[in-house]
There are 2 protein chains.
Amino acid sequence: MTELRGPVRIVGTGLIGTSIGLALGRLGVVVELVDADPDNALMAERIGAGSRLVQIEPQLVVVAVPPDHVGEVIVEQLQQTDAIVTDAASVKSKPLHDARALVASPEELSRYVGSHPMAGSERSGPLAGRADLFEGATWAITPHETSEPAAVELVRRLAEAAGARTVELSVADHDLAVARVSHLPQLMSSLAAGTLVDAPAAHLELSGQGVRDVTRIAAGDPGLWTQIVSANSPALSGLLEGIRDELDRLLIALGKEEATDEVTAVLNRGVSGAIRVPGKHGTPHIDLVPVLVTIPDRPGQLARLFADAAESGANVEDLRIDHSPGRPVGEVELSVKPASVDQLVEVLTERGWSVHR
Amino acid sequence: MTELRGPVRIVGTGLIGTSIGLALGRLGVVVELVDADPDNALMAERIGAGSRLVQIEPQLVVVAVPPDHVGEVIVEQLQQTDAIVTDAASVKSKPLHDARALVASPEELSRYVGSHPMAGSERSGPLAGRADLFEGATWAITPHETSEPAAVELVRRLAEAAGARTVELSVADHDLAVARVSHLPQLMSSLAAGTLVDAPAAHLELSGQGVRDVTRIAAGDPGLWTQIVSANSPALSGLLEGIRDELDRLLIALGKEEATDEVTAVLNRGVSGAIRVPGKHGTPHIDLVPVLVTIPDRPGQLARLFADAAESGANVEDLRIDHSPGRPVGEVELSVKPASVDQLVEVLTERGWSVHR
């Protein structure tokens, strides 16, 4: 059985690389930090993610550089070391394709296995690194045709060492999956948010929770997302063509006097898709029951609410604050399992909360 | 000055009509309940939203029937009574257009003023009604060319009586605004969610918070949304054509080897739009600083966290639980004002929480 002994060389000490270093450091694995920007490597070293100088040959190299450079760095590391090499890029076909173009035969890539730790933050850079970034997160592992089984196994150990849950997928499947559950939602969010740029301020006053949810991720880093979206253009283009065709049908339907069937079809399809998105702990979100509580907007009220909720024995599985502009009171939606609802509502009502199911 | 004395006749005792009745009942205003479905009116009466039989002529009629029937009911009520008439439909051009088609001269509509109480719930029907549904919500008032000033004033009194904040807009402006901040996000959410219908289950395992946020409202009632979207098709079509054109440009860009400028342009535009969406209490969300706290997923932990946060003196303005599938711990994002961050982080850290900024 392949054990992760180290040293592990991390090339690229941004958020992801630094966090992997911090997670491995907790387990006593020796980590070597490499970055084209010496300041980054220094910062990562200072916060305990590893050392810039390690004399021992690495067992494993993790390439965590920006998407556009991943392929070439993978090949460099394969050629400079005898280590297993993985990368952390969020698109898997392009690094493999780029790496293949740089080697003489596919066998040279047998020590390489792609992977994708699916955790992130709105912050970036080494100082945003955290030892627990991957705790319970999904870490996709994407072997290609010539990947050695021992290499796949070692990358799995790395993911587990960081606290992640691994999912093995082919390179093509991975890229189609992230196009669906990450890149397409990102572009749809950006397109929806883009229509607000020229809106008069009075129009925006009518914003509610829906537009806030749909446009939240549109605020993400355009530089990084350009690289991700461009790298996954083949998988993404097929999905976007489907959206464009549905939009065309919608526009034709909206131009008619009484053609609402096409509109209903798009909305029905949306419902069928939305309920497939896994919620907390992989359970579908329809298993949870929302309980609405009105709360005054001042310090300490949430503390009082959650103390009362805890006394009812209910575990709050999810929560959301609705904050309509100008609203002097807030509304908190607590989501709990169906079996906990009655007791929760009873206890909160007893204690004077305004509760709605 | 026009006073709201009542009686107020409510035609249509669904969520909105019943909630208006309950809000007015609190103030001692006599409310008459009318519904084509006698069971609905009976249920609304039983929960205290008003009476089915009121002998006195109404001062104000609120039409809260499904979107497709609003125009005809407005005209019926204008012809049956001498009351001011308003409606609660979420699109304002179509009811006015439908009503105009049913009267001999525009002057017959002088007692009518459209309005749109912007509150709702994932639940519907009279039993979902709540006296505080409109507390602090936005209530748009949309006078047309022949609306009497006294009618506009009385509808404003109604909105204020229900606890709402009023915004006055022209009918056309209102419909363009809701197309932008509500109907277009709804369709974009439905289209994005629709791509998940045929996805293999393994692909959905890679879902994160982004796709959950973008697709949440796609789970809304397709029947109601078909009526809303169809009623607002003129305003919506223009925006959707813009999206379709941007999609076409994106698809061309993604088909090229190195044409990332168009992709970046779409993403940049998304950022500019996203930061314009008002957050809590009308303040832009960028004014708040997120503080991340890792919490074990068991009862009582949120209570302990909020008690500790309250002791730091920080008011938690917004919060979010991140629930990656399979994650044994949760992560809570507390958003606070910049001035409160240091004290909050210090107090939480002291008490043993794992805190990240």
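**Close-up views of a predicted two-chain model**

**View 1. The lead-in to the sheet in chain B has a cis proline.** B:Pro7 sits in the segment that comes before β1 of chain B. This is a predicted model, and in it the peptide bond from B:Gly6 to B:Pro7 is cis, with omega near -10 degrees. If you're scanning backbone torsions, keep in mind that most peptide bonds are trans.

**View 2. A cis peptide bond also precedes A:Pro7.** In chain A, the bond running from A:Gly6 to A:Pro7 is cis, and its omega is near -10 degrees. A:Pro7 is placed in the segment before β1 (8–11) of chain A.

**View 3. Chain B carries an open sheet of seven strands.** Reading across the sheet, the order is β2-β1-β3-β4-β5-β6-β7 (chain B), and the pairing is mixed. The edges are taken by β2 (31–34) and β7 (165–168) of chain B, each with a single partner strand, so one side of each has no neighbour in the sheet. On average, and ignoring direction, neighbouring strands here are turned by 25 degrees against each other.

**View 4. Zooming in on β2, β1, β3 and β4 of chain B, we can follow the ladder of bridges.** Start with strand β1 (residues 8–11) of chain B, which pairs with β2(B) in the parallel sense over four bridges. Here B:Ile10 is opposite B:Leu33 in β2(B). Next door, β1(B) and β3(B) run parallel and are joined by four bridges, with B:Leu60 in β3(B) as the bridge partner of B:Val8. Carry on one strand further: β3(B) and strand β4 (residues 84–87) of chain B run parallel too, joined by four bridges. B:Leu60 turns up again here, with B:Ile84 as its bridge partner in β4(B).

**View 5. The side chains of β3(B) point two ways.** From strand β3 (residues 60–63) of chain B, B:Leu60 and B:Val62 point one way, while B:Val61 and B:Val63 point the other way. Which of these four are buried, and which are not? All of them are buried.

**View 6. B:Ser335 is tucked away in a strand of chain B.** The residue belongs to strand β10 (residues 329–336) of chain B. Is B:Ser335 buried or exposed? Its relative accessible area is 9%, and because the cut-off for buried is under 20%, B:Ser335 counts as buried. What does B:Ser335 touch, leaving out residues up to four places away in sequence? The list is B:Leu288, B:Val289, B:Pro290, B:Asn315, B:Val316, B:Glu317 and B:Asp318. One of these, B:Pro290, is 45 residues from B:Ser335 along the chain, yet their C-alpha atoms are separated by 4.4 Å.

**View 7. Over in chain A, there is an open seven-stranded sheet.** Its strands come in the order β2-β1-β3-β4-β5-β6-β7 (chain A), with mixed pairing. At the edges stand β2 (31–34) and β7 (165–168) of chain A; each has a single partner strand, so one side of each goes without a neighbour in the sheet. The average turn between neighbouring strands of this sheet is 25 degrees, direction ignored. Further into the sheet, strand β4 (residues 84–87) of chain A runs parallel to strand β5 (residues 112–118) of chain A, and three bridges join them. A:Tyr112 in β5(A) is the bridge partner of A:Val85.

**View 8. A:Gln77 is a buried residue of helix α3.** A:Gln77 is part of helix α3 (residues 70–80) of chain A. Its relative accessibility is 4%, so A:Gln77 counts as buried. Setting aside residues up to four places away in sequence, A:Gln77 touches A:Arg9, A:Val11, A:Val61, A:Val63 and A:Val85. For a distance to check in your viewer, the C-alpha atoms of A:Gln77 and A:Leu60 are separated by 9.9 Å, with these positions 17 residues apart along the chain counted as the separation.

**View 9. Helix α13 of chain A has buried residues, and a glycine follows.** The buried residues of helix α13 (residues 341–350) of chain A are A:Val341, A:Leu344, A:Val345, A:Val347 and A:Leu348. Just past α13(A), A:Gly352 adopts a positive phi of about 90 degrees. As background, most residues other than glycine have a negative phi.

**View 10. Stepping back, here is chain A as a whole.** Chain A has 13 helices and eleven strands, and 57% of its 357 residues count as buried. Its C-alpha atoms fill a box of roughly 65 × 55 × 40 Å along the principal axes.

Methods:
Residues are numbered from 1 along each chain as its sequence is written. Chains are lettered from A and ligands numbered from 1 in the order in which they are written. This is a predicted model: local features need pLDDT of at least 70, side-chain atom pairs count only at pLDDT 80 or more; totals for chains, interfaces and linings use all residues. Side-chain values use heavy atoms; hydrogens and water are left out. Helices (H or I, at least four residues) and strands (E, at least two) are DSSP runs, numbered from the N terminus. Buried means under 20% relative accessible area, exposed over 50%, partly exposed in between (1.4 Å probe, protein chains only). Two strands pair if DSSP finds at least two bridges between them. Axes are lines fitted to C-alpha atoms, for helices over the stretch in contact, and angles run from 0 to 180 degrees between N-to-C directions. Contact means heavy atoms within 4.5 Å.
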